[in-house]
Amino acid sequence: MSDDSYNPGQIEPKWREYWISNHLHEARNDDPRPKYYCLDMFPYPSGSGLHVGHWRSYVLPDCWSRYKWLQGFNVLHPMGWDAFGSPAENDAIQKGIHPKVGTQRNVENFKRQLHEIGAMYDWSREVNTTDPDYYKWTQWIFLRMFKAGLAYKTLMPVNWCPSCKTGIANEDVVNGRCERCGTEVTKKELHQWMLRITTYADRLLAGLEELDWPEKVKTMQSNWIGRSEGAEVTFTAIAANGSHHLLKIFTTRPDTLFGATYMVMAPEHPLVTELTLPAHAAGVQAYVEKVKSERDIDRAAKTEKTGVFTGAYAINPVNGEKIPIWIADYVLMSYGTGAIMAVPGHDERDYEFAKKFRLEIREVISSERGVAQESYVGDGTMINSGQFTGTPSEEGKKAIVRWLAGRGLGRATVNYKLRDWVFSRQRYWGEPIPIVHCEKCGAVAVDEKDLPIRLPDVERYQPTGTGESPLAAIQDWVNVPCPKCGGPGKRETDTMPQWAGSSWYFLRYASPRAKDALITEQGKEWLPVDLYVGGVEHAILHLLYARFFTMFLHDIDVVDFEEPFLRLFNQGMITYVGKSGKAEKMSKSKGNVVNPDELVRDFGCDSLRMYELFVGPPELDALWNDNGIQGVHRFLKKAWHWVSMYNGQWKASPSREMLTQRHLLVKNVTERLDTFRMNTIVSSFMEFIGEVTSMKQAPDKETVETFLILIAPFAPHFAEELWQRTGRPPSIFFQRWPVWDEAYTTFDTVTVAVQINGKLRGTIEVRAEAPEESVLEAATKDPAITRFLDGRQIRKKVYVKNRILNLVVG
RNA sequence: GCGAAAGUGGCGGAAUUGGCAGACGCGCUAGACUUAGGAUCUAGUGGGAAACCCCGUGAGGGUUCGAGUCCCUCCUUUCGCACCA
């Protein structure tokens, strides 16, 4: 094998070594260049290592970071570990390995594999959420939230995963199953730490507007927050014993209040027992019990409405009418007030229920088709509505609310689907919640100077299943004096969810080793994140929590911005055909992973990097093709050969066509980079090499160097090596991104398509920018075209300069 | 059910503002070089036809000199949401 052949196995380790020993990728605070913060979502270091699907998500941000570097930015591109969480803990339970040890081992392996990607991570800023120096600040944020009244403990039914034996947040429940392990979620009453994320609902919603994020993600967040404006209306319910109770409901349609023909309370509503008439008690109780025993997933999947009458009635505040009160599970205790006024004429659900139980359906908003067949949910003019009859519904909403408010019977309110965040986990491997429970003082914050509250070693990692974490068993850790009164106290034994550490890690990279502050003044210069790259699976949870944390930290003057991620890019996943026989997301459990190690060995890291980009549009899922990498590998070999062959024999003055190819390449690559069309960038390079090799002439040195700089973000080892071999000192990344001159990106002659009556009949070569007359003249001389013109009159000519001439003949 | 995105060769995918559909790559075919080819190079490769040509971007309509691109109806796939009053 001659020295001139492309041998990635030799050059790649060499350049990685060079970058590291020269600290090339360490972002320096004293660098005068403008900052650019490019962030990859940090991984959970699992035991199974990286596959080509993971690779894809790291390649794009790395190319982008290298591009920004070449553009003259001081780039921060860090990496770290989201290392708390159940897999390490499950390993601990099963194999008795301390999670710290298992995590450490996985981190080593991940780091080795990430190294092979050739990415320019600044490892000097590595963070790990399980490091006490890191979680000290996670705990610190919690304490500040506690002091601000945003963290509170309350007894509430929570989603309980019987397999993980821990309470989990609403956000962790997907189709009634635990997001982590897939087990069906049940309910359990537990004292839980909660974070008042709902306080930030409006800001979380409003903040979305200015963000350069995919619309899809913004929509998902906005739906999750689920803001709806309406009114709280107070009905009077008459209990079995004749006593009166205020029964509050939430509605977005106060304009339909006159159409309320019954009311519904959720089965869990506190007034159920009180209101139910003795004659109905047995039925109601049976129904409530039945609903309770049902899992959420079944309750949601039910197709037909169920319910039971309480025997009690309520008085409609607008007309004094007595309407029956029902119990039904289509009303949820967790939203609004847990009770509704039912307006079957103008609500689909109420309509269905009313039909089934033969309740009155009353039309109070006029519409063409009425409410005989189905409910009418649109706007219209109010009818059958007392003094409001004739009012347009939009106006009526306000008018009725005003009327109610004047009598103390209602007010305008806003409701959110967003719930407060269940922040407790009854597991071992998480940040201890820095609270001490004192009999005298209640829940007391640990003194900030005592942070971090370290996670103690335990003998057994098993969740107890009783609602207490394994930490509860460690007496000498649990029993501590109350920080306030010094009396006997007990530490909180719940730990934080995995989301805690990942909700602010992007801030820590800015000053990862700061001892006295979460972020130093100098560190602030790096923030916020300019580009955040990661999978769409984090569209709601992680991104919402991270925004919430950031807004809070803004409010306590830790950071000076509210939105942490200015631009977001969602990468598509790699799919591959596994045992199921169809293309699915690559994962170990599906048996369809492709290991990058062999590909790196056979083709080199640069080939794999470029193929990961070439495989398809970055925002879409892409089907892995084992042979595909051959194409980019051949291209790199050809390109290598082209540079090597003419090395040292550069042409002094490049031909016009060589210049055109050079400038065209700069233009294509730059424009396509800015819109992330990475797959077509690889095509551009291939076309360029195809063109310049077919010229069979030596290139000038500038063209070769331009090519190398352009390809450096994508095939960095390749570019560095040839840069050096063509006689320039490393590193190529100290060069500047080239610019193109439009004067060269055009050709002297252009091919114009000639259509007759809209059908392509031929093409002609004309001088670029040629006027219409000369193009027409050339066309009418071309025999391939003239035979369609014979004896026919040209009725219309359409000429688009340099592109097409369409002749309409008759 | 609601919302969003997407349907282009055997496959992955290209196509400024409507302007030569299928760039680039995989695969395939033929040839060259080879002891060999799963290396490399050259040529070809949407379908039909000997050819002139005809037909082709999920289906059907429409606008236009001209539609993958714009408008309407429908079908399929994927993803989100799913009793949130």
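**Figure 1. Helix 21 at the surface near RNA strand B.** In this predicted model, helix 21 (678–694) is the element that gives the most to the surface near RNA strand B, contributing 5 residues. It has company: the elements that give two or more residues to this surface also include helix 7 (215–225) and helix 19 (628–646). Among the strands on that list you will find strand 11 (244–251), strand 27 (749–756), strand 28 (759–767), strand 29 (794–800) and strand 30 (804–809).

**Figure 2. The residues around RNA strand B.** Here we take in the whole neighbourhood: 46 residues surround RNA strand B. If you would like a few to start from, Lys-305, Tyr-335, Arg-349, Arg-634 and Arg-787 are the closest. Sorted by class, the surface near the strand has 17 nonpolar, 13 polar and 16 charged residues. On the RNA side, sugar or phosphate accounts for 60% of the atoms of RNA strand B within 4 Å of the protein, and bases make up the rest.

**Figure 3. Polar atoms of the protein beside sugar or linking oxygens of RNA strand B.** Three spots are worth a zoom. At Thr-252, a polar backbone atom is 2.4 Å from a sugar or linking oxygen of RNA strand B. At Glu-687, a polar side-chain atom lies 2.6 Å from an oxygen of the sugar or linking kind. At Lys-216, the partner of such an RNA oxygen is again a polar side-chain atom, with 3.0 Å between the two.

**Figure 4. The largest cavity and its lining.** Moving on to enclosed space, the model has 2 cavities of 30 Å³ or more. The largest cavity has a volume of about 230 Å³. Its lining is made of 18 residues, and Ser-86, Arg-180, Arg-425, Arg-427 and Gln-498 are the closest to the centre. By class, the lining residues divide into 8 nonpolar, 5 polar and 5 charged. Helix 3 (86–95) and strand 6 (166–168) each supply at least two of them.

**Figure 5. The second largest cavity and its lining.** The last close-up shows the second largest cavity, which holds about 30 Å³ of space. You can pick out its lining by name: Arg-56, Leu-60, Gln-571, Glu-612, Leu-613, Pro-618 and Met-678. These residues divide into 4 nonpolar, 1 polar and 2 charged. Helix 2 (52–70) and helix 18 (605–614) each supply at least two residues of this lining.

Conventions. Residues numbered from 1 in each chain as written. Chains lettered and ligands numbered in written order. Predicted model: local features only at pLDDT ≥ 70, side-chain atom pairs only at ≥ 80, totals over all residues. Heavy atoms only, no water. Near = heavy atom within 4 Å. Polar contact = N/O pair within 3.5 Å; in protein donor to acceptor, adjacent residues only side chain to side chain. Helix = DSSP H or I, 4+ residues; strand = E, 2+ residues; numbered from the N terminus. Nonpolar A, V, L, I, M, F, W, Y, C, P; charged D, E, K, R; others polar. 1 Å grid on protein atoms, 1.4 Å probe; cavity = no way out; pocket = protein on both sides within 12 Å on 5 of 7 lines; lining within 4 Å. Points joined across faces, edges and corners; volume = space filled by probe spheres on them.
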